[in-house]
Amino acid sequence: MNIYFIRRLLPFYAVDILLETFFTAYEIYSCPFPLDYSFEAAIKSLGITIMTTTASFLILTIPYVIYILLLPFRYQNTKADKWITTMIFGLFCCSIFIEELSVINTNKELSNLSQLQISLTLPIITVAIIGSTILSVLFQDELTTSRPAPRYKNRIFQGAMYILISLMIFHNLGHQNISTGINENNDMIAREDTYVLIKNTIASF
C-alpha cells in the first residue's frame, strides 16, 4: 500500500494499540481468576492481543479509508480535511474508550452477582469524551501528512485492496481457535473485545 495511506492510518493504529495495552494491563492486574505468567503464556497472549486488535482495527477503519478514497485530490491534506479527520479520530478513540470501560464495568459487576446492574454509566461516557478529546489534541498534527495523495485511480485500487484484505483477515481469523492452549483466563483477556463483539454479532445472524 502507498505510504500515504499508511501515514494517514498510523495515528489510528498507534492509539488503538496504546489503549488496548493500557486496558489489558489493567484487566490483568484486576483479574480475580488465576493467570499463567510464564514466558510462553505471555508471548502467546501478546500475539493473540496484537492479532485480534489489528483485525478489529482493519474493520473499524474501513469507513475512514472510504473517506480518503472519495475525497477529491485538491482537498487532500487541507484544513477542512484535517478538521474532518480529527473528528473521525475523536469518534474512533471515543468508541475504544466506551468499549474498554464497559467491559471493565461489566466484569466488575459480574464478579458480584448480588449487585448485577450492567449498563453504560454517565462516568464511562464522560471519561470516554474527555480521553478522546485529549488524544485528538495530542495527535492533531499527525492526522494528515505533507505527502501528496495518490491519484484517484491509484487510490481506488489501493483502497479496494485494503478493504478486501481486511475482510479476508477478519473472516479467516476465527476467535474460537485463537488460544494459548495454556490458560483459558489468559485467552479471555488476550482477545481484543471489539474483535470478539463483531465476531459474535456476525455469528448471531
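Two aromatic rings of Phe, Tyr or Trp count as a pair here if their centres lie within 6.5 Å. Keep that cut-off in mind, because ring pairs by this rule link F12, Y13, F57, Y64, Y67, F89, F92 and F139 into a cluster. That cluster is a handy place to start looking around this structure, which is a predicted model.

First, the overall layout. The protein chain has eight helices and zero strands, so if you walk from the N terminus the elements simply read α-α-α-α-α-α-α-α. Of its 205 residues, 43% count as buried. As for how far to trust the coordinates, the chain averages a pLDDT of 82, and 88% of the residues score at least 70. Confidence is highest in helix 3, residues 62-70, at a mean of 91. At the other end of the scale is helix 8, residues 193-203, where the mean is 75 and confidence is lowest. Where pLDDT is low, the predicted coordinates should not be read in detail.

Now back to the rings. A pair of aromatic rings is described by the distance of the centres and the angle of the planes. By the pairing rule, the count comes to eleven aromatic pairs. Take F57 and F92: their centres are 6.3 Å apart and their planes are at 85°, which makes the pair edge-to-face. F57 belongs to helix 2 and F92 to helix 4, so this contact ties together parts that are 35 residues apart in sequence. Both F57 and F92 are buried. Another pair to find is F89 with F139, which is tilted, with 5.7 Å centre to centre and 40° between the planes. Here F89 sits in helix 4 while F139 is in helix 5 (residues 122-139), so the pair ties together parts 50 residues apart in sequence. F89 is buried, and its relative accessible area is 0%. Aromatic rings can also have a charged neighbour: R151 lies over the face of F73, 4.0 Å from the ring centre.

Next, have a look at the loop between helix 3 and helix 4. L71 is found there, and at a relative accessible area of 12% L71 is buried, because buried means under 20%. What lies 9.2 Å from L71 in space, C-alpha to C-alpha, although 81 residues away in sequence? The partner is Y152. The loop between helix 3 and helix 4 also holds N77, which has a positive phi of about 70° although it is not a glycine. For context, most residues other than glycine have a negative phi. N77 counts as partly exposed, at 24% relative accessibility.

A second long-range approach starts in helix 2, where you will find E40. E40 and T180 are 140 residues apart in sequence, yet their C-alpha atoms are 8.7 Å apart in space. E40 is partly exposed, with a relative accessible area of 46%.

Finally, the empty spaces. The second largest pocket has about 350 Å³ of space. Its lining is made of 19 residues, and T24, I28, A42, S45 and L46 lie nearest the centre. Helix 1, helix 2 and helix 7 (184-190) are the elements that give two or more residues to this lining. By type, the lining of the second largest pocket divides into ten nonpolar, seven polar and two charged residues.

There is also one cavity of 30 Å³ or more, and the largest cavity has a volume of about 30 Å³. Which residues line the largest cavity? They are D16, E20, S56, L60, I96, E99, E100, E192 and T194. Helix 1 (3-30), helix 2 (39-60) and helix 4 (79-110) each supply at least two residues of this lining, with helix 4 giving the largest share, three residues. The lining of the largest cavity divides into two nonpolar, two polar and five charged residues.

Key: Residues numbered from 1 in each chain as written. Predicted model: local features only at pLDDT ≥ 70, side-chain atom pairs only at ≥ 80, totals over all residues. Heavy atoms only, no water. 1 Å grid on protein atoms, 1.4 Å probe; cavity = no way out; pocket = protein on both sides within 12 Å on 5 of 7 lines; lining within 4 Å. Points joined across faces, edges and corners; volume = space filled by probe spheres on them. Helix = DSSP H or I, 4+ residues; strand = E, 2+ residues; numbered from the N terminus. Nonpolar A, V, L, I, M, F, W, Y, C, P; charged D, E, K, R; others polar. pLDDT = per-residue confidence, 0-100. Phe/Tyr/Trp six-rings, centres within 6.5 Å; stacked < 30°, edge-to-face > 60°. Buried < 20%, exposed > 50% of the residue type's maximum accessible area, 1.4 Å probe, protein only. Lys NZ or Arg CZ within 6 Å of the ring centre and 35° of its normal.
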